[in-house]
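This report describes selected side-chain and helix contacts in a single structure. The sequence and the coordinates are shown first.

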Amino acid sequence: MSRVTLAQWQMLAAVVDHGGFARAAEAIHKSPSTLNHAVHKLEEQLGIQVLEPIGRQVRLTEAGELLLRRARQLIESAASLEDVASRLAAGLEAEIVVAIDQIFPAAAQAKALERFSETYPQVRVQLHESVLNGGTEMLYDGRADLVVSGIEAQGFLGEPLVNIRFVAVAHPRHPLHQLGRSLDLRDLAQHRQLVVRDSALRQSTNAGWLKAEQRWTVGHVGTSLDMLRRGLGFAWIPETRIADELASGALKPLPLTAGGVREVPVQLIFRDRDRAGPAAHAMAAALKRAVKEVCEQRSIPSNEQP
């Protein structure tokens with residue numbers, strides 16, 4: 001058994017965070033003498049001084065700084081454990097927040113939501129249709145329970161879902177198709193490119209933009225697709241979004257010498273898998289199942305692990 005209790009570490013942290021015993025006692029509703037005794041007992045049990053007086057204040061010794069830094073990890077882990085327990089005791093979530101990148105197959109998204117609603121009709125769903133860094137930003141901010149994104153989230157473990165192919169396309173009567181030859185970046189730079197705006201508020205990027213002199217930036221893949229159908233520009237669009245247009249000839253792939261097709265691996269990421277409730281796990285399962293079914297129907301390369 002540990003000689004020092006978690007409560008002792010918590011009281012030491014409070015003394016340091018609040019700048020002294022009196023303020024810490026007021027903040028955590030303990031008497032100054034209780035805090036003083038706990039810290040001195042801790043020092044006695046460890047055989048090392050963790051606090052030293054500076055005038056009427058106290059500060060951590062060098063050893064105390066090291067020990068408290070490690071102790072804070074214990075405190076945080078304990079709080080996390082209690083939070084998991086309270087969520088389990090509370091049962092089903094009233095609401096889940098899901099951010100799904102617009103490049104994710106729309107058919108799979110609809111199928112997953114339909115399947116989820118059949119099992120959990122009482123759970124509210126906030127669906128954010130994100131672009132690029134928008135979904136991962138929601139993870140970092142703690143605003144999403146589940147994220148589907150083609151952008152890696154630093155500090156989170158993602159689960160591979162599917163590889164999305166982007167195809168450079170334009171209307172058959174677009175001037176680029178009238179050139180009657182293979183195209184390169186110089187050709188594209190002379191025409192309007194349609195770009196979907198990054199939905200992140202802080203770290204937005206212009207991924208895929210070729211610095212064309214003419215650029216229209218829109219907020220949704222559907223808007224870009226509508227403009228393509230009207231011949232207003234060219235764009236890289238997820239193949240799953242334009243399967244019908246490619247089949248009918250309403251849109252044609254640009255004959256690029258290189259880069260006409262790009263592939264983006266899409267991942268499923270929990271904000272915290274252990275803390276996630278049954279509804280969040282059910283939504284994740286529905287998304288994985290739906291994308292697998294859609295991939296099999298349309299021969300899309302899936303990233304699902306055996």
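## Contact between helices H1 and H2

In this predicted model, Met11, Ala14 and Val15 of helix H1 meet Phe21, Ala24 and Ile28 of helix H2. The residues of this contact divide into six nonpolar, no polar and no charged.

Helix H1 covers residues 6–17 and helix H2 covers residues 21–28; their axes come within 7 Å and cross at roughly 120°. The crossing of H1 and H2 is right-handed.

## Salt bridge between helices H5 and H11

Across the whole structure, a search finds 18 salt bridges. One of them joins the side chains of Lys111 and Glu293, with an N to O distance of 3.6 Å. Because Lys111 belongs to helix H5 (residues 106–119) and Glu293 to helix H11 (residues 278–298), the pair ties together parts that are 182 residues apart in sequence.

Both accessibility values can be set against the limits for the partly exposed class. Lys111 has a relative accessibility of 24% and therefore counts as partly exposed. Glu293, at 21%, also counts as partly exposed, given that the buried class requires a value under 20%.

## Salt bridge between Arg181 and Asp187

The side chains of Arg181 and Asp187 form a further salt bridge, at 2.9 Å from N to O. The two partners fall into separate accessibility classes: Arg181 counts as partly exposed at 43% relative accessibility, while Asp187, at 13%, counts as buried.

## Salt bridge between helices H9 and H10

Glu245 and Arg229 also form a salt bridge, in which the closest N and O atoms are 2.8 Å apart. This pair links distant parts of the chain, with Glu245 in helix H10 (residues 243–248) and Arg229 in helix H9 (residues 221–229), 16 residues apart.

Which partner is buried and which is partly exposed? Glu245 counts as buried, since its relative accessibility is 10%. Arg229 has a relative accessibility of 38% and so counts as partly exposed.

## A shared network

Some salt bridges have partners in common. Through such shared partners, Lys111, Arg115, Arg289 and Glu293 are joined into one network. The network thus named includes Lys111 and Glu293, the pair whose side chains meet at 3.6 Å from N to O.

Terms used: Residues numbered from 1 in each chain as written. Predicted model: local features only at pLDDT ≥ 70, side-chain atom pairs only at ≥ 80, totals over all residues. Heavy atoms only, no water. Salt bridge = Lys/Arg side-chain N within 4 Å of Asp/Glu carboxyl O. Helix = DSSP H or I, 4+ residues; strand = E, 2+ residues; numbered from the N terminus. Buried < 20%, exposed > 50% of the residue type's maximum accessible area, 1.4 Å probe, protein only. Axes fitted to C-alpha atoms, helices over the stretch in contact; angles between N-to-C directions. Left-handed = near helix turned anticlockwise from the far one by under 90°. Contact = heavy atoms within 4.5 Å. Nonpolar A, V, L, I, M, F, W, Y, C, P; charged D, E, K, R; others polar.
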